[in-house]
Amino acid sequence: MKAWWRQRTLRFRLAAWYGAGGTLLLAIFSATLYSYVAETMARPLDSELRQDLAEIRQRLAITAEGVVLWDRAGATSQARWNSENPWFELWNEQGELVRRFWPFTESRVESMPVAPEPGRDRISIFNVARDLRLRVLSVPYAVPARSETWMIRVMTVHRPMADGLGALRLIIAGALPVVVALLVLGGYALTRRWLKPLDLMVAEANRITAEDLGRRLPVVNPHDELGQLAEVFNVTLDRLEESFVALDRFVADASHELRTPLTTLRNVGEVGLRRSRTVEEYREIIGSMLEEAQRLQLLTQRLLELASTEGDAPTVEHLPVRLDELVRRCVGELGILAENKSQRFLLETPECTAQTDAVLLRQAVQNLVDNAIKYSPAGTTIQIKVREAGDHWVIEVTDEGPGIGVEHRSRLTARFFRPDSGRDRGRGGFGLGLALTKAYLRLLGGTVEYAPAPGGGSTFRLTLPRV
């Protein structure tokens, strides 16, 4: 049953719950209505009969000789009964009528009530005339003076409103199935109309493919839940489309970058095989091929590093790291490159400690220092500063290179991006260093920023949280 229910459509289940809930509420309402009507219409009559019975028991007495006394006076000689007194009948054990106390004459009554069933409380209705119906209460009545149990039947006029209970039961029994059916059909129609935007969303989602990511889900009403869901999906589709575009661009750029060293390797090899050469010429050709192979290996390594930071990210260890020692170590490792260009470092690194990953931060700092060495003229100074900024540590690397144009600054961390011809492969650049630095800082919870240096050059700033 549970599996069957799950296989039904959402509008079917909503309509079923709507019908079931409506049926339950209507049933409760009908029962409450009937109880209230019965309480306010029929039961007051029965209560009136019980009150009359209590009055009769107080005022009625029967002697051992069978004489009926009312207020201690004989009542058998009265021809007519005072209408203000209770109406009742007395029946003996033999089922014989002893006395009837009511204000009606024989000409008024067309048929008399039959004898009551002895020894049993019962409420009945008798038609004694076309325009007169009596509601009667029959109860046993003990006669101590005669050691007998007679029957008293108390009577009152049966009001027509009490007959409405039966009609009310018929109305409820007949109307309830109709109302339930209307509830189910109406609920299904309403849910079908309310969920129409969902059908449109499903139809449009089926048309979205990897080749056609420009489609978006229709937003019929942006203020309801379905509209908000469609907007969230559209935002997700925007991100997916951007990711696919970035992936396509990355694949195209990577293919282009990989094709260049491979083409160079092939061309150098083909040239070397066209004729016989001396040993020195072969050495030069093999050296060129090894140089391109090394560049190809380095480019592949960088691509793998970038993919690892954006895919299955490496485990980040947040441990105490001396930033001043880490910066000095990076400068020492790259010092040979600076010496070849007669460059010098100016360090401002006070003793400081941050909770971060030493390996990733070291790679990021090395990328910035390596870029500063590559793109700064010979004989210039590279400044490296570590300072405190609120709850963060800031590492700044400033060079005296050509700087970055305003039109290129928004794309500095894009893959394979080189803003000008000065940053070419001849200097060993692939346009991946800043993209890797940004990925490393993202894993560390920090940021990388660019600012033009006073007097020319560039300042790259790494911001790390203290913890």
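Two strands pair when DSSP finds at least two bridges between them, and strands themselves (E, at least two residues), like helices (H or I, at least four residues), are DSSP runs numbered from the N terminus. The model is predicted, so local features need pLDDT of at least 70 and side-chain atom pairs count only at pLDDT 80 or more, whereas totals for chains, interfaces and linings use all residues. Residues are numbered from 1 along each chain as its sequence is written, and side-chain values use heavy atoms, with hydrogens and water left out.

**Exercise 1. Describe the sheet that contains β3, and find the bridge partner of L69 in that strand.**

Step 1. Strands β1, β2 and β3 make an open sheet of three strands in the order β1-β2-β3, with antiparallel pairing.

Step 2. The edge strands are β1 (60–62) and β3 (73–74), each of which pairs on one side only.

Step 3. Strand β2 (residues 68–70) pairs with β3 in the antiparallel sense over two bridges, and the partner of L69 in β3 is G74.

**Exercise 2. Work out the aromatic arrangement around F104, beginning with its pairing to W87.**

Step 1. Rings of Phe, Tyr and Trp (its six-membered ring) pair if their centres lie within 6.5 Å, and planes under 30 degrees apart count as stacked, over 60 as edge-to-face and the rest as tilted; by this rule there are five aromatic pairs.

Step 2. W87 and F104 form an edge-to-face pair, at 5.2 Å centre to centre and with 75° between the planes. This pair links distant parts of the chain, with W87 in strand β4 (residues 87–91) and F104, 17 residues apart from it, in the loop between β5 (97–101) and β6 (122–129).

Step 3. The ring centres of W102 and F104 are 5.3 Å apart and their planes stand at 75°, so this pair is edge-to-face.

Step 4. Buried means under 20% relative accessible area, exposed over 50%, and partly exposed in between (1.4 Å probe, protein chains only). W87 has a relative accessible area of 13% and is therefore buried, and W102 counts as buried because its relative accessibility is 7%.

Step 5. A charge sits over a ring if NZ of Lys or CZ of Arg is within 6 Å of the ring centre and within 35 degrees of the ring normal. R100 lies over the face of W102, at 5.1 Å from the ring centre, while R99 lies over the face of F101, at 4.6 Å from the ring centre; F101 also forms one aromatic cluster with W70 and F88.

**Exercise 3. Place M151 in its strand and describe its surroundings.**

Step 1. M151 is found in strand β8 (residues 148–157), and because its relative accessibility is 5%, M151 counts as buried.

Step 2. Contact means heavy atoms within 4.5 Å. Residues up to four places away in sequence not being counted, M151 touches several residues, among them W91, P116, R120 and Y141.

Step 3. The C-alpha atoms of M151 and P116 are separated by 7.4 Å, although these residues are 35 apart along the chain.

**Exercise 4. Identify the residues of the largest nonpolar core that touch the most other members.**

Step 1. A nonpolar core is a set of buried Ala, Val, Leu, Ile, Met, Phe, Trp, Tyr and Cys residues joined through side-chain atoms within 4.5 Å.

Step 2. Of the 36 residues in the largest such core, L323, L361, V365 and L462 touch the most other members, and α8 gives the most to this core, with eight residues.

Step 3. Leaving aside neighbours within four places in sequence, V365 is in contact with L326, C330, I395 and L462.
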